[in-house]
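Colleague: Could you take me on a close look at a single part of this model, the sheet and whatever packs around it? I would enjoy one connected account.

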Amino acid sequence: MSTSNLPRLTDEQRQALDDGYVAMAGVPVGEELPATLTHTQGPWIVKGVGVYAQPFVRETTIGDDDGTERSYTEGLVALVYSCGQGRMPGNAALIAAAPTMLTKLREIAKECGECSGNGVVAFDYPLRGLKVGDPCPQCEDIREVIAVAEGKQS
Ligand SMILES: [Zn+2]
């Protein structure tokens, strides 16, 4: 296969590939994070030691300056480590499920019967110690988890 039509790698990309990565992050190291965090469209799937965004999975070949070619899979979201023996598959499965879980949590919070999905108490409930505008006790914990996933809390 001719390499003339293949994309060329920058020195930074080549170094990252040499370190074992197969795709570049959206925000290069050292740059500030945007004010509003978004994530790559799901669903995400596990493939080897990587978690990939299924809508973007595609096999690609790239050419190096020396004429060599490398094949890799586009759509990489995360390379997963075990952080303890044998835990990589479990860690990968959990990470891959994250977009779907976030979507479901948003649906659950939106369908809360206590606050009609507004997230706050609509009336005073003196016997329950609640006032108008207080966080809804039924879905507050779910909304906190959503906020963490959106980068608004830690
Ligand atoms: Zn609620």
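Modeller: Happy to; what follows goes through the sheet, then its surroundings. Please keep in mind that this is a predicted model.

Let's begin with the strand order. The sheet is open and has three strands in the order 1-2-5, paired antiparallel. Strand 1 (44-47) and strand 5 (76-79) are its edges, each pairing on one side only. From one strand to the next, the twist averages 25°.

Now for the pairing itself. Strand 1 runs antiparallel to strand 2 (residues 50-53), and four bridges join the two. Among the partners, lysine 47 is matched with glycine 50 of strand 2, while isoleucine 45 has tyrosine 52 as its bridge partner. These two strands form a hairpin with two residues between them. In that turn you will find glycine 48, whose phi is positive, at about 65°. Strand 2 is also joined to strand 5, by three bridges and again in an antiparallel arrangement. Here tyrosine 52 turns up once more, standing opposite leucine 76 in strand 5. Tyrosine 52 is thus a nice residue to click on: isoleucine 45 is its bridge partner in strand 1, and leucine 76 lies opposite in strand 5.

What about the faces? Strand 2 is covered on both of them: Gly50 and Tyr52 are buried on one side, and Val51 and Ala53 are buried on the other. Helix 2 (residues 88-110) lies across strand 1, strand 2 and strand 5, and runs at about 160° to strand 1.

That brings us to the largest nonpolar core, which has 10 residues in all: Trp44, Val51, Tyr52, Ala53, Leu76, Val77, Ala78, Val80, Ala92 and Ala96. Strand 2, strand 5 and helix 2 are the elements that give two or more residues to this core. Of the buried residues of strand 2, Val51, Tyr52 and Ala53 belong to the core.

Finally, follow helix 2 to its other partner, helix 3 (residues 140-149). The axes of these helices come within 10 Å and cross at roughly 145°, and the crossing is left-handed. On the helix 2 side, the contact is made by Leu102, Leu105, Arg106, Ile108 and Ala109; helix 3 brings Ile142, Arg143, Val145, Ile146 and Ala149. By class, this contact has eight nonpolar residues, two charged ones and no polar ones. So to speak, helix 2 links the two halves of this tour: helix 2 lies across the three strands and also makes the contact with helix 3.

Methods
Residues numbered from 1 in each chain as written. Predicted model: local features only at pLDDT ≥ 70, side-chain atom pairs only at ≥ 80, totals over all residues. Pairing = 2+ DSSP bridges. Axes fitted to C-alpha atoms, helices over the stretch in contact; angles between N-to-C directions. Contact = placed C-beta atoms within 7 Å. Buried ≥ 20, exposed ≤ 12 C-beta atoms within 10 Å, placed from the backbone. Core = buried A, V, L, I, M, F, W, Y, C linked by C-beta atoms within 7 Å. Left-handed = near helix turned anticlockwise from the far one by under 90°. Nonpolar A, V, L, I, M, F, W, Y, C, P; charged D, E, K, R; others polar.
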